[in-house]
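Biologist: I'd like to learn how to read a contact between two chains. Can you walk me through one?

Modeller: Sure, let's look at it together.

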Protein chains: 2
Amino acid sequence: MDRLDKKILRLLQEDATLAVADIAKRVGLSTTPCWRRIQKLEEDGVIRRRVAVLDPVKVNLGVTAFVAIRTNSHSTEWLRRFAEVVGDFPEVMEFYRMSGEVDYLLRVVVPDIAAYDAFYKRLISRIEIRDVSSSFAMEQIKYTTELPLDYLALEKEPRES
Amino acid sequence: MDRLDKKILRLLQEDATLAVADIAKRVGLSTTPCWRRIQKLEEDGVIRRRVAVLDPVKVNLGVTAFVAIRTNSHSTEWLRRFAEVVGDFPEVMEFYRMSGEVDYLLRVVVPDIAAYDAFYKRLISRIEIRDVSSSFAMEQIKYTTELPLDYLALEKEPRES
DNA sequence: GTTGAAATGTACTGGTC
DNA sequence: GACCAGTACATTTCAAC
């Protein structure tokens, strides 16, 4: 992974519709090696997928809720089932196991508070949870899928002398 | 927005590399009208963009932190500047204004705890914040960019008789 | 909405240096 | 890595229905 791969990733994170020839021009490469680099980044799983990002409001998903969950201590089998049940809800877009006070954190999208309530009831009916606490986002100030590539360690590049 | 648009959106949210002819086949349309629908969805801003999704671990971003922020009451101008400063950090992938206890919630990605600490110091040096509380994700169980389209209201379709 | 076709562009492969 | 060529396929636009 060198400076050029990083540039390619930056571009594709912004706009995955760019033509290979375009990308090549912008990173200062000809199309063939640029194309090969992109293939390799996909093979290596650095690029996971290319997706369309929709406007949540325009598909009737204006409300984002964060759900902090505390569970009782349970077997690993229970935890596996818990993860499966929760992850199966399409409203749950993000799901983390946390350190500290809260055991799990969910980001949930729904049209409105009533739909959140319905979601909540379905959730607790499917799995026992010790404590659930919901907070609502009033405004989404920033949402990006672009990972910051500033921390990416580069391979040493050949040097003069 | 009808049943077919919804199907198209579902497919493109999963894989934006699909050829129009493929999508057309799967939704039961021929390519021309299918292509027109996709164009319209883009014009209307339902489809915001098409992006490459990278593997965070493979670009050295294994740590996700959630940062809950409480501010003092401030002018709208101060709030504007606050939003700008915070949003400018590329490590901040999501940024919400919240209801309830916490005023703002951030999702931050960094390589490790040390980098989080450095980020934290840079953040508080750039803007005064009353209270900051960080929690770390031990595991990302689910992360998707796919919005659930189940809540999408459809236009009435023509009926027999 | 359909089909078919034409024009253009792009992806991909393989070869040269 | 650059550059050139060739094929196969995609996108895009158009015309006729």
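Modeller: Let's begin with an idea you'll need: a polar contact is a pair of N or O atoms within 3.5 Å, where one must be able to donate a hydrogen and the other to accept it. Keep in mind that this is a predicted model.

Biologist: How many residue pairs are in polar contact between chain B and chain A?

Modeller: There are 44 such pairs, counting those where both residues have pLDDT 80 or more. On the side of chain B that touches chain A, S5(B) gives the largest share, with nine residues. That side of chain B splits into 38 nonpolar, 17 charged and 11 polar residues.

Biologist: And how many salt bridges are there between chain B and chain A?

Modeller: Four. In one salt bridge, A:Arg107 meets B:Glu94, with the closest N and O atoms 3.2 Å apart.

Biologist: How do people put a size on an interface?

Modeller: Often as the accessible area lost when the parts come together. Here, chain B and chain A bury about 6400 Å² between them, and carbon and sulfur atoms give 60% of that. Of the area that chain B buries against chain A, 12% is supplied by B:Leu54, B:Lys142 and B:Tyr151, more than any other three residues. The contact draws 66 residues from chain A and 66 residues from chain B.

Biologist: In what sense do strand S3 of chain A and S5(B) pair?

Modeller: Antiparallel, over five bridges. Look for A:Glu94, which stands opposite B:Tyr143 in S5(B).

Note on methods: Residues numbered from 1 in each chain as written. Chains lettered and ligands numbered in written order. Predicted model: local features only at pLDDT ≥ 70, side-chain atom pairs only at ≥ 80, totals over all residues. Heavy atoms only, no water. Contact = heavy atoms within 4.5 Å. Buried area = accessible area lost by both parts, 1.4 Å probe. Salt bridge = Lys/Arg side-chain N within 4 Å of Asp/Glu carboxyl O. Polar contact = N/O pair within 3.5 Å; in protein donor to acceptor, adjacent residues only side chain to side chain. Helix = DSSP H or I, 4+ residues; strand = E, 2+ residues; numbered from the N terminus. Nonpolar A, V, L, I, M, F, W, Y, C, P; charged D, E, K, R; others polar. Pairing = 2+ DSSP bridges.
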